[in-house]
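Here are some short exercises to work through with the model open beside you. Try each task yourself before you read its solution.

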Amino acid sequence: MKTEAVILAAGLGTRMKSDVPKVIHPLGGRPMITWTVAASREATGRDPFVVIGPDSEEVKRAAGEGINFIEQKERLGTGHAVLQAASQLRGQCDQVLVVHADLPLLRSETMQRLIDMQERNPGPLTLLVAHSGVSRGFGRILRDAEGRVVGIIEEAHATPEQLEGHELNVGTYCYEADWLWDHLSELPLSPKGEYYLTDLVAMAVKEGGEVAVAMLEDMEEVIGINTREHLAQAETALRRRVNRHWMLAGVSILDPASTYIGPDVQLGKDTVLLPNTHLWGRTVIGEVCHLGPNTIVRDSVIGDRCKVEISVLEEVTLESDVEVGPFAHLRTGTYLGQGVHIGNFGEVKNSTLGAGVKVGHFSYVGDATIGENANIGAGTVTCNFDGERKHRTEIGPGAFIGSDTMLVAPVRVGREAHTGAGAVVTKDVPERGVAVGVPARVIRKVK
Ligand code: UD1
Ligand code: CA
């Protein structure tokens with residue numbers, strides 16, 4: 001059977017008190033709606049249809065590639081929102097899975113279960129129900145004396161007796177497609193002046209159709225986002241989920257509550273994450289690394305057996321056995337060869353450091369190429385900016401740069417050359433030469 005997914009994302013999300021549409025608030029490092037898009041795609045094997053409100057360019061951009069957008073010009077309720085998909089979907093599939101975009105933790109497996117149940121259901125729909133004493137403003141499932149589902153009542157319209165019900169409407173359904181399209185336009189207007197999708201349940205029951213119920217097992221999945229408090233709860237739940245995944249895959253996490261791993265991050269086994277480590281973007285970490293505490297890594301590739309302590313790394317590549325920190329800042333375009341050591345208060349940007357280079361203390365290395373095993377003394381600065389343009393510094397393999405050397409770029413220091421402490425190097429230093437002073441002059445040349 002062919003099932004298409006319709007994701008509802010046209011609501012205003014007024015309870016978020018935000019200028020940003022609710023469904024694109026970040027969750028786990030990416031826009032909220034992308035979680036639902038990914039899960040529904042996995043469940044149906046197809047690109048979903050997403051119902052958006054007018055002026056939703058931001059939502060379109062954030063939701064990602066391959067999505068079929070449908071505009072709901074007036075926000076007249078969840079039933080009206082699904083109806084907008086009718087013109088594109090009628091006659092195109094056997095079943096329709098409807099999911100709310102503000103339920104980002106709902107797993108694809110759960111959606112799949114609903115689809116499978118509806119395939120076996122002789123009636124027109126299957127709905128997802130959660131059992132909980134905490135209602136979170138969800139609609140209540142109504143049952144008759146025999147225990148058959150007869151309808152759904154919104155919290156706002158429920159009697160005190162109905163409010164006591166602990167069966168909640170999650171907001172995820174699978175319908176027989178033709179039945180859905182035929183009945184959506186017959187939905188009654190609710191007391192709030194909207195067309196409620198939930199009223200389809202009572203319509204099905206009235207016709208004698210079977211309403212199948214799937215029970216949700218993991219309550220974490222129903223953290224629906226209506227307020228920023230819910231958003232924070234979802235963030236915590238998602239973090240638990242992601243961290244659990246990595247611990248099962250062989251990564252040690254000392255304090256999962258303070259460890260943040262983005263959805264696109266990859267980690268090798270026997271790597272250890274210390275508290276307050278944040279790994280974001282397309283970061284790839286090798287095996288047996290020690291990261292943290294207090295470390296941020298974004299869009300970087302780190303080899304095996306690296307150690308990064310109290311440092312910030314953005315768009316950098318580290319080969320294996322590299323040691324960074326404490327208190328280092330590695331910026332875009334940094335490449336550190338095998339066994340490089342960057343000590344405290346080192347900053348490196350747009351530079352390539354060969355294997356075994358040591359930058360022990362208080363240094364700025366920008367727009368530089370440093371050969372293997374060079375030693376960069378404390379306080380060395382590549383003066384790469386002349387006020388208008390950036391220039392490059394080249395340091396040969398095995399060079400020894402004395403403490404507090406200023407390398408005024410563009411400049412080259414040859415292989416195994418030395419600079420004296422406090423040298424201000426404005427001219428090239430030849431291979432194995434020695435330069436000292438301000439400005440530095442070469443006092444030794446080697447033939
Ligand atoms: C809805 C359900 C409620 C359920 C709850 C759980 C109805 C009438 N109520 O209430 O039974 O327990 O979800 O998730 O369906 N949307 C549109 N267009 C609209 C209105 C809403 O696309 O005109 C979208 C929203 O963006 C959102 C979803 O539909 O993703 C649900 O809307 P929301 O206003 O959050 O409904 P709830 O009050 O949470
Ligand atoms: Ca909601």
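**Exercise 1. Decide whether glutamate 315 is buried, partly exposed or exposed, and describe its backbone.**

Step 1. In this predicted model, the relative accessibility of glutamate 315 is 43%.
Step 2. Buried means under 20% and exposed means over 50%, so glutamate 315, at 43%, counts as partly exposed.
Step 3. Now find its place: glutamate 315 sits in the loop that links β22 (312-314) and β23.
Step 4. Look at the backbone next. Glutamate 315 has a phi near 50 degrees, which is a positive value in a residue other than glycine.
Step 5. Is that common? Most residues other than glycine have a negative phi.

**Exercise 2. Do the same for valine 288: what is its phi, and where does it lie?**

Step 1. The phi of valine 288 is near 55 degrees, again a positive value in a residue that is not glycine.
Step 2. Valine 288 belongs to the loop between β17 (284-285) and β18 (290-291).
Step 3. Its relative accessible area is 40%, so valine 288 is partly exposed.

**Exercise 3. Find the cis peptide bonds that precede proline 326 and proline 410.**

Step 1. Go to glycine 325: the peptide bond from there to proline 326 is cis, with omega near 5 degrees.
Step 2. Proline 326 is in the loop between β24 and β25.
Step 3. Move on to alanine 409, whose peptide bond to proline 410 is cis, with omega near 5 degrees.
Step 4. Proline 410 lies in the loop between β35 (406-408) and β36.
Step 5. For background, most peptide bonds are trans.

**Exercise 4. Which residues form a nonpolar patch on the surface?**

Step 1. Start from phenylalanine 327, in the loop between β24 (323-324) and β25 (329-330).
Step 2. With a relative accessible area of 43%, phenylalanine 327 is partly exposed.
Step 3. Add its partners: Phe327, Phe345 and Phe362 make up the patch, and together they have about 330 Å² of accessible area.

**Exercise 5. Locate the largest nonpolar core and its best-connected members.**

Step 1. As a starting idea, nonpolar side chains tend to be buried together in soluble globular proteins.
Step 2. Here the largest nonpolar core has 47 residues, and Leu318 and Leu353 touch the most other members.
Step 3. Elements that give two or more residues to this core include α9 (228-248), β27 (341-349) and β29 (358-366).
Step 4. Zoom in on leucine 353: leaving aside residues up to four places away in sequence, its contacts include Tyr335, Ile342, Val359 and Ile370.
Step 5. A second, separate core holds 35 residues, among them Ala10, Tyr175, Leu180 and Val201.

**Exercise 6. Is glutamine 118 buried or exposed, and how far is it from leucine 330?**

Step 1. Glutamine 118 is part of helix α5 (residues 108-120).
Step 2. Its relative accessibility is 2%, so glutamine 118 counts as buried.
Step 3. Beyond residues up to four places away in sequence, glutamine 118 touches Gln95, Cys174 and Tyr175, among others.
Step 4. Glutamine 118 and leucine 330 are 212 residues apart in sequence, and their C-alpha atoms are 53 Å apart in space.

**Exercise 7. Describe the overall dimensions of the chain.**

Step 1. Along the principal axes, the C-alpha trace spans about 100 × 40 × 40 Å.
Step 2. The radius of gyration is 30 Å, whereas a compact globule of 447 residues would have one near 22 Å.
Step 3. The chain contains 9 helices and 40 strands, and 50% of its 447 residues count as buried.

Definitions and conventions
Residues are numbered from 1 along each chain as its sequence is written. Chains are lettered from A and ligands numbered from 1 in the order in which they are written. This is a predicted model: local features need pLDDT of at least 70, side-chain atom pairs count only at pLDDT 80 or more; totals for chains, interfaces and linings use all residues. Side-chain values use heavy atoms; hydrogens and water are left out. Patches are made of residues with over 30% relative accessible area and no salt bridge: like charges are joined within 9 Å, nonpolar side chains (Val, Leu, Ile, Met, Phe, Trp, Tyr) within 5 Å. Accessible areas come from the Shrake-Rupley method with a 1.4 Å probe; for residues, only the protein chains shown count as cover. A salt bridge is a side-chain nitrogen of Lys or Arg within 4 Å of a carboxyl oxygen of Asp or Glu. Helices (H or I, at least four residues) and strands (E, at least two) are DSSP runs, numbered from the N terminus. Buried means under 20% relative accessible area, exposed over 50%, partly exposed in between (1.4 Å probe, protein chains only). The radius of gyration is taken over C-alpha atoms; the globule rule is 2.2 Å times the number of residues to the power 0.38. A nonpolar core is a set of buried Ala, Val, Leu, Ile, Met, Phe, Trp, Tyr and Cys residues joined through side-chain atoms within 4.5 Å. Contact means heavy atoms within 4.5 Å.
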